[in-house]
Amino acid sequence: DVQLAARLAEMPVEEFVALNPGFSRPLIPVAVNSRIVLPTDKIEVFRANLLKHDEKALVSWQAYQPKKGDSIESLAKKFGMTVGQLKEVNGIAPRARVLPALLVVPVNGAAVEAKRMPIMYAPPIPAPGPRSVTYTVKLGDTLPAIAQRYHVSVEDLRQSNKIGRLTVGQKLTVQTKAASPKSRTTPKGKPKQAKPGKPVKRS
């Protein structure tokens, strides 16, 4: 556990996290991060405290894959957390209702400390593979531009939607093939020219 590691090193958890910014969950995934960074004068202190600590009590968090019928509310109750704590520790937006493909939850339903953990939690990692996205048409959008944004073809868009003339505010269903769309920031250098299409007219 991140907080336990900080205690074993006898240093504030804020400083420990600052030295190990890749830890965006309350536990240290050994398969991803096999090392921790400590100040030179804390290494021997950490080792000594680690030897004294019960190795069965080193982890109080676990990964959990949501099952059919699970909800944020039911899982929060199951693992002894508030909905807010479950969302925060998993990087889920406060108003979001959709569960990510993988969650971090307490081991054996152990109670979670009431105080907020000083860790900047990263957003959930999207599950690989295709997913469905609803896109709202904006002024100036064209089918080729929307298709390019989501890495799909114009034909894919037409198959998923009844498309005539695009109108501002129109909702399109996009079956994506990538984990997330490209941002709209303009790259440096000469911008690429989008394929010609009928732009949306102002009503």
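**Notebook: contacts and confidence in a predicted model**

I began with E73, which at 33% relative accessibility counts as partly exposed. I noted at the outset that this is a predicted model, and I kept that in mind for each entry below.

**Salt bridges**

I looked for salt bridges and found that the structure holds two. E73 forms one of them with R97, and the closest N and O atoms are 2.7 Å apart. This pair links distant parts of the chain, since E73 sits in helix α4 while R97 sits in the loop between α5 and β2 (103-106), 24 residues apart. I checked the cover of the partner as well, and R97 is exposed, with a relative accessible area of 59%.

For the other bridge I went to helix α3, where the side chains of R47 and E44 meet at 3.1 Å, N to O. Both residues lie in that helix, three residues apart, which I recorded as about one turn. E44 counts as exposed, at 54% relative accessibility, because the cut-off for that class is over 50%.

**The aromatic pair**

I then searched for aromatic pairs, and the structure holds one. Y64 and F79 form this pair in an edge-to-face arrangement, with 5.3 Å from centre to centre and 65 degrees between the planes. Y64 belongs to strand β1 (residues 61-64) and F79 to the loop between α4 (72-78) and α5 (83-89), so the pair links distant parts of the chain, with the two positions 15 residues apart in sequence numbering.

Are the two ring-bearing residues, Y64 and F79, buried or exposed? Y64 is buried, with a relative accessible area of 9%, and F79 also counts as buried, at 6%.

I looked at G80 too, which is found in the loop between α4 and α5. G80 is partly exposed, with a relative accessible area of 41%. I set G80 against V105 and found the two 25 residues apart in sequence and 9.2 Å apart in space, taken from C-alpha to C-alpha.

**D141 and its partners**

I turned next to D141, which is found in the loop between β3 (131-136) and α6 (143-149). D141 is buried, with a relative accessible area of 5%. Its side chain and that of Y135 are joined by a polar contact of 2.7 Å, and the D141 side chain also reaches the backbone nitrogen of K138 at 2.7 Å.

**The chain as a whole**

I listed seven helices and four strands in the protein chain, and from the N terminus on the elements run α-α-α-β-α-α-β-β-α-α-β. Buried residues make up 32% of the 203 residues. Among contacts between residues at least 6 apart in sequence, 69% join residues at least 24 apart. The chain exposes about 13900 Å², and carbon and sulfur atoms supply 56% of that area.

**Confidence**

I left the confidence values for last, and the protein chain averages a pLDDT of 75, with 72% of the residues scoring at least 70. Confidence is highest in helix α3 (residues 43-52), at a mean of 92, and lowest in β3, at 79. Over residues 178-196 the pLDDT is below 50, and this stretch has 18 contacts in the model beyond near neighbours in sequence. I added a caution for my own reading: where pLDDT is low, the predicted coordinates should not be read in detail.

Note on methods: Residues are numbered from 1 along each chain as its sequence is written. This is a predicted model: local features need pLDDT of at least 70, side-chain atom pairs count only at pLDDT 80 or more; totals for chains, interfaces and linings use all residues. Side-chain values use heavy atoms; hydrogens and water are left out. Buried means under 20% relative accessible area, exposed over 50%, partly exposed in between (1.4 Å probe, protein chains only). A polar contact is a pair of N or O atoms within 3.5 Å; within protein, one must be able to donate a hydrogen and the other to accept it, and residues adjacent in sequence count only if both atoms are side-chain atoms. Contact means heavy atoms within 4.5 Å. Accessible areas come from the Shrake-Rupley method with a 1.4 Å probe; for residues, only the protein chains shown count as cover. Rings of Phe, Tyr and Trp (its six-membered ring) pair if their centres lie within 6.5 Å; planes under 30 degrees apart count as stacked, over 60 as edge-to-face and the rest as tilted. pLDDT is the predictor's confidence in each residue, from 0 to 100. A salt bridge is a side-chain nitrogen of Lys or Arg within 4 Å of a carboxyl oxygen of Asp or Glu.
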